[in-house]
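Biologist: Please pick one part of this protein and take me through it closely. I'm happy with a long answer, as long as you spell out your cut-offs.

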Amino acid sequence: MKEVLEAELSRLGLNIQRESFSVLSVLQKNDPIAFIHDNGEIHYPANVEAALIHQIPNIVGKVLEIERSYRNAAQLGISSLSSYRSMLEYNHHVLAGRYDGEGEFRFVTWEMNSERTGFAIGHYFYRNEYEKAKDDFLMRSGLLDKGRLFDSDQLSSLYTALLYRSINDPTLGYNEKQSIDLLLQKIESLTPHSPNLLHSPLQAELDLEQ
């Protein structure tokens, strides 16, 4: 887990070092901001104020999922693709992965023939892009109907409408307000890097009043 975590955290400008046999420390400018245990638990130093710490649990969860799925995956069974393991299969499609070293996994989705002896039309994902590879597999294999998904513009409209009602509807009861807040949090988790979607309630209220 150490190599993959190191690669992922380095994209945020963070480093890791072995604190003990079962604990890794996450460093920002040589200062520890988190301690990651081998079982995935995360502890934080007292009074830590690093702005990046909220991203660490998502990265740890992603790395654990990748390594668990890869460890349990079987070889594809084709000599020319012996470096890949089959992580998911459905409806003549496969999501395969291989470890390229230095903390980097590569993933690919393929169509496969009914005998499972040939693969074609590969979509490749590098630098541990497991979530993108899974989404691609779900769409290509037919496990998800694209017509039933919200695109980013639709999520933005839904978020704005829910936030407006949460702020401005005086008839909302406590339970309904909690339900709307949970929906808002879920939309935020689906689009963590979309600055056009996410606003603080105060900023949203000011925007709507203009």
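Modeller: Let's get one term straight before we start: a residue is buried when its relative accessible area is under 20%, exposed when that area is over 50%, and partly exposed in between, using a 1.4 Å probe and protein chains only. This is a predicted model, so local features need a pLDDT of at least 70 and side-chain atom pairs count only at pLDDT 80 or more, while totals for chains, interfaces and linings use all residues. Residues are numbered from 1 along each chain as its sequence is written, and side-chain values use heavy atoms, with hydrogens and water left out.

A quick overview helps. The protein has 210 residues, of which 34% count as buried. Its secondary structure comes to 6 helices and 9 strands; both are DSSP runs numbered from the N terminus, with helices (H or I) of at least four residues and strands (E) of at least two.

The part I'd pick is where helix H1 (residues 2–10) meets helix H2 (residues 56–72). Their axes lie 10 Å apart and the two pack at an angle of about 140 degrees. Axes here are lines fitted to C-alpha atoms over the stretch in contact, and angles run from 0 to 180 degrees between N-to-C directions. The crossing of H1 and H2 is right-handed. From H1, the contact uses Val-4, Leu-5, Glu-8 and Leu-9, and from H2 it uses Ile-56, Ile-59, Val-60, Lys-62, Val-63 and Glu-67. Those residues split into 7 nonpolar, no polar and 3 charged. For the sorting, Ala, Val, Leu, Ile, Met, Phe, Trp, Tyr, Cys and Pro count as nonpolar, Asp, Glu, Lys and Arg as charged, and the others, Gly among them, as polar. Contact means heavy atoms within 4.5 Å. On handedness, a crossing is left-handed if the near helix is turned anticlockwise from the far one by less than a right angle, and right-handed if clockwise.

Now follow the greasy side of that packing. Nonpolar side chains tend to be buried together in soluble globular proteins. A nonpolar core is a set of buried Ala, Val, Leu, Ile, Met, Phe, Trp, Tyr and Cys residues joined through side-chain atoms within 4.5 Å. In the largest one, with 30 residues, Leu-5, Leu-9, Val-26, Ile-56 and Phe-107 touch the most other members. Two or more residues each come from H1, strand S2 (23–28), strand S3 (31–37), H2, strand S8 (104–112) and H3. H2 gives the largest share, 7 residues.

Leu-9 is a good one to click on. Skipping neighbours within four places in sequence, Leu-9 is in contact with Leu-14, Ile-16, Val-26, Ile-56 and Ile-59. Leu-14 sits in the loop between H1 and strand S1 (15–20), and at 1% relative accessibility it counts as buried. Its C-alpha atom is 6.8 Å from that of Val-26, 12 residues along the chain. With the same neighbours skipped, Leu-14 is in contact with Leu-9, Val-26, Leu-27, Gln-28, Ile-33 and Leu-52.

H2 also has a charged link to another helix. A salt bridge puts a side-chain nitrogen of Lys or Arg within 4 Å of a carboxyl oxygen of Asp or Glu, and by that rule there are 15. In one of them, Lys-134 pairs with Glu-65, their closest N and O atoms being 2.6 Å apart. Lys-134 is in helix H3 (residues 130–141) and Glu-65 in H2, 69 residues apart. Lys-134 is buried, with a relative accessible area of 17%, whereas Glu-65 is partly exposed at 25%.

For a pair within one helix, look at Lys-177 and Asp-181, whose closest N and O atoms are 3.3 Å apart. They are 4 residues apart in helix H5, which means a separation of about one helical turn. Lys-177 is partly exposed at 28% relative accessibility. Back at our starting point, salt bridges that share partners join Glu-8, Arg-11, Lys-62 and Glu-104 into one network, and Glu-8 and Lys-62 also belong to the H1–H2 contact.
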